[in-house]
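The following exercises concern a ligand site and one buried or exposed residue. Each task is followed by a solution that proceeds step by step.

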Amino acid sequence: MQSVRIGLLGFGTVGGSLVELITEQRTDIAALTGIDLTVTRVAVNDLTKPRPGIGDAVLTDQASEVIQADDVDLVVELVGAVDLARDWIGQALRAGKSVVTGNKALLAAHGRELFDLAAENSAELLFEASVAGAIPLMRTLQKSLRGEPITRIMGIVNGTTNYMLSAMTEDGANYAEILAEAQRLGYAEADPTADVEGHDAQAKAAIIATVAFGVSITADDVPVEGISGVTAADIANASRLGYVIKLLAVVERVGTEAPYEISARVNPTMVPFDHPLATVRGSFNAVFIEGGALDELMLYGRGAGGRPTASAVLGDVIEAASGIAQGTVRRLPALADAHVRPPEAATSAFYLDLAVDDSPGVLAEVAGVFGANGVSIRSMEQEGTGTEASLAFITHQASEADIAATIEKLTSLPSVNRVGALYRVIGP
Ligand code: HSE
């Protein structure tokens with residue numbers, strides 16, 4: 001039996017659930033893996049708070065003490081702050097200790113530096129819990145799909161916004177009330193702006209792109225739009241046309257040979273009713289992977305909450321502990337021959353609605369603007385009142401630059417009274 005002693009930084013919702021799971025599963029894990037896990041040290045901010053499940057003797061308010069302790073083989077970082085966590089993880093890796101973290105903001109900003117540091121020090125840095133909670137996406141990408149020519153990954157990777165959009169779609173829920181409910185249920189980030197403005201999904205998109213495509217991409221490279229602008233009317237319009245609105249993180253590899261371009265973005269997106277991602281409701285997450293050999297693959301599960309996230313952390317702890325026991329460490333692949341695609345070159349199908357004068361020739365004039373900017377119309381719906389007409393277009397694939405030029409020109413036309421909603425659409 002190999003004993004692996006864990007030093008835990010942070011004892012919040014996920015840290016507490018992790019200790020609970022280790023206590024519950026310790027005997028089974030030992031029987032299945034030959035590894036005996038114990039939590040020997042825990043660093044917390046406030047030593048006066050009651051900490052169920054751990055004895056006072058293991059508690060300290062000094063993270064460095066935990067990292068350097070002789071009775072800590074493995075460090076689990078569940079604090080969340082970027083700069084402090086970067087420093088602590090750096091200390092642990094330099095000391096040759098493997099680290100498990102769920103810190104998506106840190107990895108999305110400084111992932112490559114930390115992966116390199118881990119490799120230089122022959123230590124593991126594992127981060128399954130940083131993306132889509134309990135869904136084993138990182139390990140799937142790094143192991144099972146290492147030989148797969150992945151072309152695109154589309155993820156519902158934020159439970160809060162999926163919960164909110166599902167309730168707004170199915171029950172006509174009010175935005176503010178349903179956000180408060182998501183906070184109450186523990187799905188939302190400490191500052192829920194990170195959820196609703198898409199920054200949580202943006203960080204996850206950067207991590208997915210880094211791991212799937214070996215490209216050095218940070219959250220700043222990922223254009224982001226959240227769900228705060230999604231209205232009940234948009235949801236109803238999408239539904240009438242056969243779509244549901246989901247906040248999607250999309251990363252894709254463009255081109256047929258190296259050097260590839262990697263495109264990553266986060267937008268509320270219209271997903272056809274018959275697409276598997278359309279069925280993902282409530283706080284669940286799902287990741288839909290398209291590849292040249294596997295065709296289509298979807299992973300589905302809980303992306304937020306204490307025990308689901310702790311489950312992913314525990315899987316990493318066991319994996320890192322096995323590495324320690326066997327003296328092997330895994331490395332992230334070296335940088336691939338790829339670079340980040342400029343956001344304006346990214347392509348998608350689009351939905352655009354307009355309010356225009358209901359007069360002869362207006363439709364032809366508007367359609368002409370799409371054509372003049374190289375945007376091909378796939379379908380169009382119109383409803384006229386005699387004075388004003390609403391038009392809803394869905395395009396074929398077009399670039400962000402071409403759709404922006406189309407909108408700019410439409411905005412300048414006297415016959416166009418209002419340019420309404422713009423959505424990316426999953427479609428041909
Ligand atoms: N706030 C996140 C979510 C938690 O709603 O999915 C997991 O990152």
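**Exercise 1: The ligand and its surroundings**

Identify the polar contacts of the ligand in this predicted model, and describe the shell of residues around the ligand.

Solution.

Step 1. Begin with the side chain of asparagine 158: one of its polar atoms lies 3.4 Å from an oxygen atom of the ligand.

Step 2. Turn to the backbone, where a polar atom of glycine 159 is 2.7 Å from a ligand oxygen atom.

Step 3. Consider ligand nitrogen next: a nitrogen atom is 2.6 Å from an N or O atom in the side chain of glutamate 189.

Step 4. Assess the cover. On its own the ligand has 260 Å² of accessible area, of which the protein covers 91%.

Step 5. Assign the shell to elements. Helix H6 (159-171) and helix H9 (199-213) are the elements that give two or more residues to it.

Step 6. Classify the shell residues, among them Lys104, Tyr187, Asp195 and Lys204. The shell divides into five charged, four polar and three nonpolar residues.

**Exercise 2: Aspartate 36**

Determine whether aspartate 36 counts as buried or exposed, and state which residue's side chain makes a polar contact with its side chain.

Solution.

Step 1. Locate aspartate 36 in strand E2 (residues 35-43).

Step 2. Compare its accessibility with the cut-off: aspartate 36 counts as buried because its relative accessibility is 19%, and buried means under 20%.

Step 3. Find the polar partner. The side chains of aspartate 36 and arginine 26 make a polar contact at 2.8 Å.

Step 4. List the contacts: leaving aside residues up to four places away in sequence, aspartate 36 touches Met1, Gln2, Ser3, Val4 and Arg26.

Terms used. Residues are numbered from 1 along each chain as its sequence is written. This is a predicted model: local features need pLDDT of at least 70, side-chain atom pairs count only at pLDDT 80 or more; totals for chains, interfaces and linings use all residues. Side-chain values use heavy atoms; hydrogens and water are left out. A residue is near a molecule or strand if one of its heavy atoms lies within 4 Å of it. A polar contact is a pair of N or O atoms within 3.5 Å; within protein, one must be able to donate a hydrogen and the other to accept it, and residues adjacent in sequence count only if both atoms are side-chain atoms. Accessible areas come from the Shrake-Rupley method with a 1.4 Å probe; for residues, only the protein chains shown count as cover. Helices (H or I, at least four residues) and strands (E, at least two) are DSSP runs, numbered from the N terminus. Ala, Val, Leu, Ile, Met, Phe, Trp, Tyr, Cys and Pro count as nonpolar, Asp, Glu, Lys and Arg as charged, and the others, Gly among them, as polar. Buried means under 20% relative accessible area, exposed over 50%, partly exposed in between (1.4 Å probe, protein chains only). Contact means heavy atoms within 4.5 Å.
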